[in-house]
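Reader: I'm new to this structure and would like to zoom in on one part of it. Could you pick a helix and walk me through how it sits among its surroundings?

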Amino acid sequence: YGYDWLGTSGDTVTYADAMRIATANGATVSHDANGEATFTYAGRTVYFQDAAGYKKKIDHLTAYHPRLGGFAAWRVGAEDPAIWPLVAELKYSMSSAVSPAPGDFAINSPAAVSLKAGALTTAKLGLVPINGFDGSADITVEKLDDFPGTVLLSSATVRVGVATTVTITTPANTRAGVYTLRVKMASPMVAHEQMLTISVQAAPSTATFRLDAPQRVTLARGATSQFALNVLPDSALEENPRVTARFVDPFSGSVALSATTIAASSPVGVSVTADRFAANGTYRLELTVQTTAVVRTQIVNVVVSGGKSRAVR
């Protein structure tokens, strides 16, 4: 693994990430005194593991610990592919070269995907060869947790360098939550499986509504007029719409709302105040009510005069 450092803050990078960043920025990769691959770009410094640094570590470890029986790699798929010939050459201190391990592979799949109910998403499923594996594997995906959606594979097999695409689709009424798929890959000699988590968010509400507010409000200079803003839903609202208010025309005064969200059974109070020296005239007040999927606006004409304040529907 590696880190892309900016000061004391670092982002993790794989070997492929590091080489892509170096190439994109015209950076030259060198090695520090410990053998770690490194380069700088745009004020940042990257340290990562390549085959040269890996070999230096192997030589150090085997020199001081010649009886090591094996190793674990974090993590398959993040490494410089050139390390595997080095691994195959490792020797025990009292024997000849270790016999090459049989070909194997690791599943290369995202750990999780997310989508909204009624939508679809795709993910790439591939395999990472280990110990020279160059074959193919049959691939299946099993739905767990009563997942109600569909899962389609672009191919029933996967091989080195050629990924299979899985398309995941959810019905609009899918319950929000977390579901699991079991990805299985099997060759004649070896089989592996890996879990893929699906996070489903509820579909956006399609409920619509209308606004109920006076068409005109009249108030005197230096006075305040109040009226109610209601929503009239055409069907049940699954969320409380947000409410905002603003004057379209320059207005010498203010507008205030009793709440920033509104429910069908609880109107929002709107208070309009004209300054003492506000000019007589008509000013357009825009009321906006919106959910995730629906936006409604209404214009209320605010008439400033010397008369008493009143609201006209």
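Author: Let's take helix 1, which covers residues 15-24 and has Tyr15, Ala18, Ile21 and Ala22 as buried residues. Those four sit on the same side of helix 1, because the arc they cover around the axis is only 135 degrees. Keep in mind that you're looking at a predicted model.

Now turn to the other side of helix 1: there you'll find Ala16, Arg20, Thr23 and Ala24, and these are exposed. So what does the buried side pack against? The buried residues of helix 1 pack against four strands, namely strand 1 (2-6), strand 2 (9-13), strand 4 (37-41) and strand 5 (44-48). Buried here stands for under 20% relative accessible area, and exposed for over 50%.

Follow the chain past the helix and you come to Gly26, which has a positive phi, near 65 degrees.

While you're here, have a look at another part of the model as well. Four strands make up an open sheet there, in the order 15-17-20-19, and their pairing is antiparallel. Strand 15 (209-212) and strand 19 (253-257) are at the edges with a single partner strand each, so each has one side without a neighbour in the sheet. Going from one strand to the next, the twist averages 20 degrees. Inside that order, strand 17 (residues 224-233) and strand 20 (residues 268-274) are joined in the antiparallel sense over 6 bridges. If you'd like a spot to find by eye, try Thr224: its bridge partner in strand 20 is Thr273.

Definitions and conventions:
Residues numbered from 1 in each chain as written. Predicted model: local features only at pLDDT ≥ 70, side-chain atom pairs only at ≥ 80, totals over all residues. Heavy atoms only, no water. Buried < 20%, exposed > 50% of the residue type's maximum accessible area, 1.4 Å probe, protein only. Helix = DSSP H or I, 4+ residues; strand = E, 2+ residues; numbered from the N terminus. Arc of directions from axis to C-beta. Contact = heavy atoms within 4.5 Å. Pairing = 2+ DSSP bridges. Axes fitted to C-alpha atoms, helices over the stretch in contact; angles between N-to-C directions.
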